[in-house]
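These are my notebook entries on one structure, kept in the order in which I looked things up.

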Amino acid sequence: MAGLTLHDKMSLSRAEKPNLVIGAVRGYGFEQLRPFVVSLQRTTFPGDLVLLWNDLSAETLAALHQHGVKLEHFSYRGSGALNSWSRFWPQIGRLLRLPVGNPVRAAVYKKILNLAFVRYLHALDFLEANAGRYRNVLLTDVRDVIFQDNPFRDPLPGEMVAFLESPHMVYGLEPMNDGWILENYGAEMKAKLQENRISCCGTVMGAVAGMIEYLRAFVSEIVKLKSVEHGADTSVHNVLVRDTLKNQITVIDNFERIVGTVNPKSELTMGISGLVLGANGQPIPVLHQYDRLPDLASRLIQQLSFSEMSRISHAS
């Protein structure tokens, strides 16, 4: 590095850091995780895949380890995606609004919140502990995500990046999402979000510093909620995108680039290779909720099986 300025050295150091794909899983067998893991391996992605995990079998852990996945255990007292202690939120939430401190709040959250929420807390813990190791981060759902290309193929357009759902998914026209925001935040926030396109909380990207800021803001929102039942994670994410962090988050349209979130109403463009194309004519790197279209899921997984068999054959 002789002759380089300090700025040059710092820039080079950042460039040499790997990117990170991180998600949380509980109770799955390896076959349910295989499309996610193997499809990412099939791309040119050279970084780390970290799975925060709870309640996985020894066989599943061994298979993930064999595929190069970095595994980080987290504690969870709920049953499946649900946590029965969430029903005490109306009482506990009022106590947590007192000046008890963020460490106390986080400890309580990890005990009483459902899996959809605690994954954000544990992802934040991991990123804060490993902030200097990574450059950019994709925080993603796992079971219903498949990769068609390196998720960091294209430069990120901002420090925090969120992705929209399909064009018809709009607050005021979606009874389920409207009901969640009303239950979680109340009528004032529901009115504020009216007519805004809905962003999917299942995929969020950014630089490490941006993702830490996003996750800290996410956790800070929890204490404001009237309810923490199913769907509250989507509500919090959209409040961040459309209100709290609206001047800091770059919002990308569905299938524009990087992420495509599939919907039963989706009109997909297929390439000659059998992959789903984005607006730029290239395979969309991250295909979310692909299993909403069973025929598509079957084709993609079949391609993946052939790809994996070919890789194994060449390796042997």
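Before placing any residue I note what a strand is here: a DSSP run of type E with at least two residues, with the strands numbered from the N terminus. I also keep in mind that this is a predicted model.

**Entry: Ser199 and strand S7**

I began with Ser199, and I found its place in strand S7. Is Ser199 buried or exposed? Its relative accessible area is 0% and the cut-off for buried is under 20%, so I wrote it down as buried. I then followed the side chain of Ser199, which reaches the backbone oxygen of Phe163 at a distance of 2.9 Å.

Looking at the whole of S7, I saw that the strand is mostly covered, since nine of its nine residues are buried. I next asked which strands pair with S7, and in what sense. Strand S6, residues 160–164, pairs with S7 in the antiparallel sense over five bridges, and within this pairing I noted that Ala162 has Val204 of S7 as its bridge partner. S4 also pairs with S7 in the antiparallel sense, over five bridges, and here Asn136 has Ala207 of S7 as its bridge partner.

**Entry: Val137 in strand S4**

I stayed with S4 and picked out Val137, which is found in that strand. Val137 has a relative accessible area of 0%, and I therefore recorded it as buried. I also looked up its separation from Met205: the two residues are 68 residues apart in sequence, yet 5.6 Å apart in space from C-alpha to C-alpha.

**Entry: strand S2 and its partner**

Why do I call strand S2, residues 48–54, largely enclosed by the rest of the structure? I do so because seven of its seven residues are buried. When I went through the two faces of S2, I found both covered, with Asp48, Val50, Leu52 and Asn54 buried on one side, and Leu49, Leu51 and Trp53 buried on the other. S2 pairs with S1 in the parallel sense over seven bridges, and I marked Gly23 as standing opposite Leu51 in S2.

**Entry: helix H6**

I turned to helix H6 and checked its length against expectation. At 1.5 Å a residue, the 15 residues of H6 should span 21 Å, and the end C-alpha atoms are 21 Å apart, so the two values agree. At the start of the helix, I found a side-chain oxygen of Asn114 that reaches to within 3.2 Å of the backbone nitrogen of Ala116.

How many residues of H6 are buried? I noted 11 of 15, and the helix is thus mostly covered; among the buried ones are Phe117, Arg119, Tyr120, His122 and Phe126. Asp125 also lies in H6, but its relative accessible area is 33%, which is why I entered it as partly exposed. The C-alpha atoms of Asp125 and Gly47 are separated by 19 Å, and these two residues are 78 residues apart along the chain.

**Entry: the largest pocket**

I then looked up the largest pocket, in which about 1,000 Å³ of space lies. It is lined by 41 residues, and those closest to its centre are Arg119, Asp141, Asp144, His230 and Asp233. Which elements give two or more residues to this lining? I listed strands S1, S4 and S7 together with helices H6, H7 and H10. Sorting the lining by class, I recorded 20 nonpolar, 13 polar and eight charged residues.

**Entry: two residues with positive phi**

Last, I looked at two backbone angles. Glu195 has a positive phi of about 75 degrees although it is not a glycine, and I located Glu195 in the loop between helix H8 and S7. Its relative accessibility is 69%, so I counted Glu195 as exposed.

Phe255 likewise is not a glycine, and its phi is positive at about 65 degrees. I found Phe255 in the loop between strand S8 and strand S9. Is Phe255 buried or exposed? With a relative accessibility of 13%, Phe255 counts as buried.

Note on methods
Residues numbered from 1 in each chain as written. Predicted model: local features only at pLDDT ≥ 70, side-chain atom pairs only at ≥ 80, totals over all residues. Heavy atoms only, no water. 1 Å grid on protein atoms, 1.4 Å probe; cavity = no way out; pocket = protein on both sides within 12 Å on 5 of 7 lines; lining within 4 Å. Points joined across faces, edges and corners; volume = space filled by probe spheres on them. Helix = DSSP H or I, 4+ residues; strand = E, 2+ residues; numbered from the N terminus. Nonpolar A, V, L, I, M, F, W, Y, C, P; charged D, E, K, R; others polar. Expected span 1.5 Å × (residues − 1). Buried < 20%, exposed > 50% of the residue type's maximum accessible area, 1.4 Å probe, protein only. Polar contact = N/O pair within 3.5 Å; in protein donor to acceptor, adjacent residues only side chain to side chain. Pairing = 2+ DSSP bridges.
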